[in-house]
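Biologist: I would like a close look at a single part of this model. Please keep the account plain, and follow the part outward into its surroundings.

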Number of protein chains: 2
Amino acid sequence: MSRLEGKALVAQGGGPTHVINQSVVGVALEARKFPQVTAVYGAVHGVSGILNENFVDLTRETTHNLEQVADTPSSGLLSTRDKPDEDYCQRMFKVMQAHDIRYFFYVGGNDSSDTVRIVSEQAKAANYDLRAIHIPKTIDNDLMENDHCPGFGSAARFVTQAFMGVNLDNRALTGVYIGVVMGRHAGFLTAASAMARKYEDDGPHLVYLPERHFDTSRFLADVDRVYSKYGVCSIAVSEGISDKDGVPMITKLMGVEERDAHGNVQLSGTGALGDLLSDTIKKGLGLKRVRADTFGYLQRSFMGCRSDRDAREAREAGEKAVQFALWGDADGSVAIRRPVLDYAVDYELVPLTRVAGKTRHMPDEFINPEGNGVTEAFHSYCRPLLGTQVPEPHRFRAPTVAKILNR
Amino acid sequence: MSRLEGKALVAQGGGPTHVINQSVVGVALEARKFPQVTAVYGAVHGVSGILNENFVDLTRETTHNLEQVADTPSSGLLSTRDKPDEDYCQRMFKVMQAHDIRYFFYVGGNDSSDTVRIVSEQAKAANYDLRAIHIPKTIDNDLMENDHCPGFGSAARFVTQAFMGVNLDNRALTGVYIGVVMGRHAGFLTAASAMARKYEDDGPHLVYLPERHFDTSRFLADVDRVYSKYGVCSIAVSEGISDKDGVPMITKLMGVEERDAHGNVQLSGTGALGDLLSDTIKKGLGLKRVRADTFGYLQRSFMGCRSDRDAREAREAGEKAVQFALWGDADGSVAIRRPVLDYAVDYELVPLTRVAGKTRHMPDEFINPEGNGVTEAFHSYCRPLLGTQVPEPHRFRAPTVAKILNR
C-alpha cells in the first residue's frame with residue numbers, strides 16, 4: 001500500500017483510439033477512492049502539458065460528464081508526440097513537485113510507455129517519490145506482454161465492418177478493391193479485415209502484412225489468381241508493407257519522407273500507397289476497374305463504431321493502473337492477459353523495460369504459409385475482441401429462374 | 001387499377017447505397033398482395049440481367065431472409081453501369097415477353113431513371129404492355145423532384161460521424177485535415193459533414209462544393225485564416241470540385257481520364273485529389289502536419305452505419321412504387337416530398353422525363369455567401385435525414401488549474 005500523499009496526474013500520448021478516454025475516466029474515478037490522493041489532475045496534450053503546467057482538475061468534473069467523455073473517441077485530454085529526454089524529465093519533476101504530484105498515469109502505446117520508463121527512472125535518480133504507471137493503448141495492438149491492447153478491438157471492428165461493406169459493394173459492381181489499413185510495424189489491424197469473411201467468396205481474398213516482405217510480382221500473381229476464380233478481388237494492405245530490404249513501399253514511392261519526433265515515417269494521411277498498388281494492378285494485369293481506399297484516420301476515431309468489450313477493458317486498465325500504484329506501491333506497465341481463450345481477461349503489472357519502445361508483431365501461427373492471408377488461429381484470437389452485436393451481412397437465397405430464350 | 005396479369009421484375013442499377021435492398025424488399029412484399037402479380041423476379045446485375053435472362057425468384061424467398069437482406073447494405077441483386085439504347089431495350093422486351101413480365105421496377109439514380117424512361121418509351125413504341133417505375137436511390141441526393149433521396153441519409157450519417165471523429169482526432173494532435181467526400185455534381189453529401197459541428201471550434205471549418213468554382217488561392221487564404229484562429233483546420237471537399245472553367249480538379253491532376261458507359265469521369269477509388277490539396281497547403285502555407293483522407297467506398301456501404309429513417313423511407317419508396325403501378329396503373333418515378341419541415345414525408349409519382357438523366361444541385365440558400373460553407377437552412381434540412389440516436393461527442397469541462405511555476 002502506497003502511503004504517498006499527493007495528487008494524481010493522468011495524461012494521454014500518441015495517436016487517439018476509440019476508447020482511450022475510458023482509461024482516463026477509470027483512473028479519475030478509481031483514484032478518488034483513495035484518501036491519500038488529494039486531487040486528480042489531467043495534463044493537456046500529454047507530457048508537454050506537464051512541462052507547461054497545463055493542467056485541468058478532473059476532481060471537479062461531474063461523474064455524468066466523465067461518463068459522457070468516456071464514451072467519446074479520441075484523446076479528451078489531447079495528445080502529443082513529444083518524447084522526453086533527461087532534461088525534459090527534470091523540468092517535468094519541477095512542475096510535479098510544485099503541484100505535489102505523486103502518481104503519474106500515462107495512457108499510450110510503445111512510445112508513451114518509453115516516456116513512462118524514462119520518467120520512472122529519472123524520478124528515482126532525482127530522488128523524487130513518484131509512482132509512474134503506463135496504461136496500454138494502441139490500435140496497432142503491438143505492445144509486448146499484452147494479449148491485446150485497448151483500442152485495438154474498436155479499430156478492428158471498424159476495419160471488419162468496412163470490409164463487410166466492401167464485399168457487398170465489390171460484388172454489386174465487380175472489380176479489384178484495395179483497402180489500406182493502419183499499422184506501421186504490426187499487421188494485427190490489417191489482419192482484422194479477414195473477420196469480414198462470411199461467405200466462401202467473400203474478401204478480403206488477400207491480406208498483406210508488414211511481418212512479410214512485399215513482392216510486387218508475387219502480389220500480381222496473387223491478384224490474377226483470385227480475380228480469375230471469383231471475378232472480383234479485394235485486398236487488405238498494411239500501410240507499413242516493406243520490400244525485402246525492409247524499405248517501406250510508401251518511402252520508395254514518395255521520395256521525400258516526413259518523420260515525427262520518434263523517428264517514425266509518415267504513413268497515414270495520404271492515399272499514395274493505395275494509388276501505387278492500384279496502378280501496379282492496372283498496368284500489370286490490364287484490369288480496368290481497380291479502386292483503392294485508404295482508411296486513414298476514420299479507423300481510429302470514427303464516431304459510433306466501437307467494441308463494447310474494448311471499451312470495458314480500457315476502463316478496467318485505468319482502474320487497475322490506480323490499484324497497482326496505490327495498493328501495490330509499484331511502477332510498471334499494465335498488461336492485459338487472456339487466461340481463457342473464449343473469453344476472459346486479467347491484468348498484470350509488468351516492468352516498464354519489458355514494454356517500453358518495443359514492438360510486438362503478428363506471431364507466425366496467425367499468418368498463412370503463403371504470407372498473403374491469416375489463419376483460423378487468428379480468427380479465434382480476434383473474434384471476441386470485436387465485441388458483441390457485430391452486424392452481419394445477408395444475401396438473397398432466391399432460386400434462379402430457368403432461362404427460356406438463352407437456354 | 002391495373003388488370004395486367006403477369007410477373008413483376010425488380011432490379012438495381014448504379015452505385016450501391018446502405019438501404020437500396022429495403023426498396024427491393026418493399027417491392028417484393030407489396031407486390032405479393034396483388035393477385036394479378038403471378039411472381040416477383042429479381043434481375044441479377046440490373047438491366048444486364050434482363051438481357052441475359054439472369055433472374056431469381058424472390059417469391060420463393062422467406063420473409064425472414066428478405067428482412068435480413070433489407071438490413072444489409074449494397075445491392076443484393078447486384079448492379080450494372082449499362083445504359084440501354086433502343087436495341088438493348090428491344091432485346092429486353094423479348095426476354096420480358098418470354099417470361100410474361102408486366103411490371104418493371106428499377107431502383108437507381110439519375111442514370112437508372114433514364115434507363116426506366118427509355119424502357120417505358122420503347123415499351124409503348126413496341127406495343128408491349130408494361131408498367132415501368134423508377135424508385136429513387138442515390139447517396140448523391142441529386143434527383144430532381146425529390147426533397148431527398150433514399151440512400152442519402154445513411155451516407156450523410158457516415159460523413160457526419162466521420163467528421164465528428166476527425167474533430168476529436170484533429171484536436172488531440174493538431175494539424176490540417178482534408179476529407180474528400182463523394183458527389184460528382186451535387187454537394188449534398190459533402191455538406192453533410194457540417195452536421196458534425198457541436199462546439200464553436202468544431203470542424204469542418206471549410207466546406208467546398210461542386211456548386212461553386214474552386215479557386216486555389218482563395219482556398220489557401222481560407223485555410224490560413226482558420227488555422228491562425230483555431231490552430232487546427234479541417235476541411236470537407238467534394239470529389240467533384242471544378243475550376244472556373246468547369247474542369248474537375250481531379251482531371252487537371254491526373255491527366256488520363258477513366259470514363260464509364262454514361263460518360264462519367266472516375267472520381268472515386270483514388271486518394272489523388274486529397275493528396276494534391278494536401279501538397280498545395282504544405283507548399284502554399286508552409287504547414288507541416290497536413291493529412292488527407294478520401295472517404296471512398298466506405299461512405300456508401302460501411303456496414304453498421306445507417307439512418308433508421310432512411311431505411312424506412314427506402315422501404316416505403318419500394319412499396320409505393322408497387323402501389324403506383326398496380327392501383328394507379330401508371331409509369332413514372334417515385335418522388336419523396338416533405339410537406340412538413342420537421343418532419344414528415346409523402347410520395348408522389350412524377351413523369352419520368354422530369355427526373356431522367358437530370359441533376360439537382362444544392363440550392364443557393366444552403367450555401368454560404370463565401371462559397372466555403374453551408375447555412376443554417378441546410379442544417380435544418382439535413383438534421384432529420386440522419387435518423388435517430390446519432391452519437392454525440394463530449395468534452396471534459398474540468399476547470400484549469402492555476403499555474404505555480406510558469407505564472
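Biologist: How many of the residues of strand 9 (residues 290-294) of chain A are buried?

Modeller: The model is a predicted one. In strand 9 of chain A, 5 of its 5 residues are buried, and the strand is mostly covered. In a regular strand the side chains alternate between the two faces of the sheet. Here A:Val290, A:Ala292 and A:Thr294 lie on one side and A:Arg291 and A:Asp293 on the other, and both faces are covered.

The pairing of this strand comes next. Strand 6 (residues 176-181) of chain A runs parallel to strand 9 of chain A, and the two are joined by 5 bridges. One residue pair fixes the register: A:Val180 has A:Thr294 as its bridge partner in strand 9 of chain A.

The corresponding region of chain B can be read in the same terms. There, strand 6 of chain B and strand 9 (residues 290-294) of chain B run parallel and are joined by 5 bridges, with B:Thr294 in strand 9 of chain B as the bridge partner of B:Val180. Strand 6 (residues 176-181) of chain B is largely enclosed by the rest of the structure, because 6 of its 6 residues are buried. B:Val176, B:Ile178 and B:Val180 point one way from the strand, while B:Tyr177, B:Gly179 and B:Val181 point the other way; all are buried. Strand 6 of chain B also pairs with strand 8 (residues 233-238) of chain B, in the parallel sense and over 6 bridges. In that pairing, B:Gly179 has B:Ala236 of strand 8 of chain B as its bridge partner.

The relation between the two chains is as follows. A turn of 180° with a shift of 0.0 Å along the axis lays chain A on chain B, with an RMSD of 0.0 Å. That is the relation of a two-fold axis. The residue of chain A that comes closest to the rotation axis is A:Gly271, whose C-alpha is at 2.1 Å. Both copies use the same surface, since 100% of the contact residues of chain A recur in chain B.

Strand 9 of chain A also has a part in the contact between the chains. In that contact, 72 residues of chain A meet 72 residues of chain B. Strand 9 is among the elements of chain A that each supply at least two residues to the side touching chain B; others include strand 2 (37-43), helix 3 (63-70), helix 10 (272-285) and helix 11 (298-301). Helix 6 of chain A gives the largest share of that side, with 9 residues. By class, the side of chain A that touches chain B has 32 nonpolar, 25 polar and 15 charged residues.

Helix 3 of chain A, another contributor to that side, has inward contacts as well. Its residues A:Leu66, A:Gln68, A:Val69 and A:Ala70 are buried, and what covers the buried residues of this helix includes helix 1 (20-31) and helix 12 (308-326) of chain A. The axes of helix 1 and helix 3 of chain A come within 8 Å and cross at roughly 155°. Angles over 145 degrees count as roughly antiparallel, and that makes helix 1 of chain A roughly antiparallel to helix 3 of chain A. On the helix 1 side of chain A the residues are A:Asn21, A:Gln22, A:Val25, A:Ala28 and A:Leu29; in helix 3 of chain A they meet A:Leu66, A:Glu67, A:Val69 and A:Ala70. The contact of these two helices has 6 nonpolar, 2 polar and 1 charged residues.

Helix 10 is also on the list for chain A, and its packing can be described in chain B. Helix 8 (residues 216-230) of chain B and helix 10 (residues 272-285) of chain B have axes 10 Å apart and pack at an angle of about 70°. That makes helix 8 of chain B roughly perpendicular to helix 10 of chain B. Helix 8 of chain B contributes B:Thr216, B:Leu220, B:Val223 and B:Asp224, and helix 10 of chain B contributes B:Thr280, B:Ile281, B:Gly284 and B:Leu285. By class, this contact has 4 nonpolar, 3 polar and 1 charged residues.

To return to the part asked about: strand 9 of chain A is buried in 5 of its 5 residues, is joined by 5 bridges to strand 6 of chain A, and supplies at least two residues to the side of chain A that touches chain B.

How values were computed
Residues numbered from 1 in each chain as written. Chains lettered and ligands numbered in written order. Predicted model: local features only at pLDDT ≥ 70, side-chain atom pairs only at ≥ 80, totals over all residues. Buried ≥ 20, exposed ≤ 12 C-beta atoms within 10 Å, placed from the backbone. Helix = DSSP H or I, 4+ residues; strand = E, 2+ residues; numbered from the N terminus. Pairing = 2+ DSSP bridges. Least-squares fit on C-alpha atoms with pLDDT ≥ 70 in both. Contact = placed C-beta atoms within 7 Å. Nonpolar A, V, L, I, M, F, W, Y, C, P; charged D, E, K, R; others polar. Axes fitted to C-alpha atoms, helices over the stretch in contact; angles between N-to-C directions. Parallel < 35°, antiparallel > 145°, perpendicular 65-115°, else oblique.
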